[in-house]
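Trainee: I have a new model open and would like to learn how to read it. Could we go through it together?
Mentor: Gladly. Let us begin with a single residue and work outwards.

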Amino acid sequence: MNSIWAYLPGVLALLLLSGFFSGSEAAFFSLTPAQRRRLAKGKRTERIAATLLARSERLLMGVLFWNLAINIAYFSLASQASLKAGESSAALLSLVALIVIILFGEFIPKSIAVTYPLFVVRLVVLPLAFSIRLVDIFLPTVRVINEASRRLIWPGFKAEPY
């Protein structure tokens, strides 16, 4: 049981990152048109947020890419920790890991972000912009896959105007 504690720092770091990206997504995409206009005329960091929003598909794909990668890493690490705990505890620890990431990596960050979207956007914009830039090289491939799947699975799908 002692060896599972070695996984705790990594699991916590990944949990925080998952919450960061989940909350960022919720905050950016819950802004009203008036709030978006206010960002475009605001301080430098607010204008960066407006620039990210101007290319919302890029923003969403980047956030979802990071969130998926982080959640996969979280579950890989949590699974390793569960296996170290032994067969009798593995299922319970896996269930706890699932509940923890749902609450602290998704539900609570999104709830806070939707409640205070401007505050959260201002807080996360610089690290988020940097992380989106890091995955820019992969986004064209993701975009092609996204478009192909949309045409194959939902050929009649129409994007909303807003």
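Mentor: Leaving out residues up to four places away in sequence, N71 touches S18, I101 and E106. Keep in mind throughout that this is a predicted model.

Trainee: Where does N71 sit in the secondary structure?
Mentor: N71 is part of helix α4. Its C-alpha atom is 8.9 Å from that of L17, although N71 and L17 are 54 residues apart along the chain.

Trainee: Is N71 buried or exposed?
Mentor: The idea is to look at the relative accessible area, where buried means under 20%. N71 has 15%, so N71 counts as buried.

Trainee: Let me try Q35. Which helix holds Q35, and what does Q35 contact beyond its neighbours within four places in sequence?
Mentor: Q35 is in helix α2, which covers residues 33-40. Beyond those sequence neighbours, Q35 is in contact with S30, P117 and L118.

Trainee: And why does Q35 count as buried?
Mentor: The same cut-off of under 20% applies. Q35 is buried because its relative accessible area is 16%.

Trainee: What about a residue in a loop, such as L31 between α1 and α2? Is L31 buried or exposed?
Mentor: L31 is buried, with a relative accessible area of 2%. The C-alpha atoms of L31 and L128 are 16 Å apart, and 97 residues separate L31 from L128 along the chain.

Trainee: For contrast, how should I read W5?
Mentor: Exposed means over 50%. W5 has a relative accessible area of 53%, so W5 is exposed. W5 belongs to the segment before α1. Its C-alpha atom lies 8.0 Å from that of A81, with the two positions 76 residues apart along the chain.

Trainee: Now the interior. Which residues of the largest nonpolar core touch the most other members?
Mentor: That core has 33 residues, and F28, L39, L59, Y74, V121 and L128 touch the most other members. Two or more residues come from each of α1 (8-29), α3 (44-54), α4 (56-85), α5 (87-115) and α6 (117-135). Helix α6 gives the largest share, eight residues.

Trainee: Which residues is L128 in contact with, leaving aside neighbours within four places in sequence?
Mentor: For L128 they are F20, F21, S24, F28, L59 and V63.

Trainee: How many helices and strands does the protein chain have?
Mentor: There are seven helices and zero strands. Along the sequence, the pattern reads α-α-α-α-α-α-α.

Trainee: And how do I describe the chain as a whole?
Mentor: Start with extent: the C-alpha atoms fill a box of roughly 55 × 40 × 25 Å along the principal axes. Then turn to burial: of the 162 residues in the protein chain, 34% are buried. The chain exposes about 10,200 Å², and carbon and sulfur atoms supply 70% of that area.

Trainee: What do the contacts and charges add?
Mentor: Take contacts between residues at least 6 apart in sequence: 82% of them join residues at least 24 apart. As for charges, the protein chain has 17 positive and 8 negative ones, and their mean positions are 11 Å apart.

Trainee: Last one: what is the mean pLDDT of the protein chain?
Mentor: A general caution comes with that. Where pLDDT is low, the predicted coordinates should not be read in detail. Here the mean pLDDT is 91, and 96% of the residues reach 70 or more. Among the elements, α1 has the highest mean pLDDT, 97, and α7 (residues 139-153) the lowest, 81.

Terms used: Residues numbered from 1 in each chain as written. Predicted model: local features only at pLDDT ≥ 70, side-chain atom pairs only at ≥ 80, totals over all residues. Heavy atoms only, no water. Core = buried A, V, L, I, M, F, W, Y, C linked by side-chain atoms within 4.5 Å. Buried < 20%, exposed > 50% of the residue type's maximum accessible area, 1.4 Å probe, protein only. Helix = DSSP H or I, 4+ residues; strand = E, 2+ residues; numbered from the N terminus. Contact = heavy atoms within 4.5 Å. Areas by Shrake-Rupley, 256 points an atom, 1.4 Å probe, with all protein chains shown as cover. Lys, Arg positive; Asp, Glu negative; His and termini not counted. Charge placed at Lys NZ, Arg CZ, Asp CG, Glu CD. pLDDT = per-residue confidence, 0-100.
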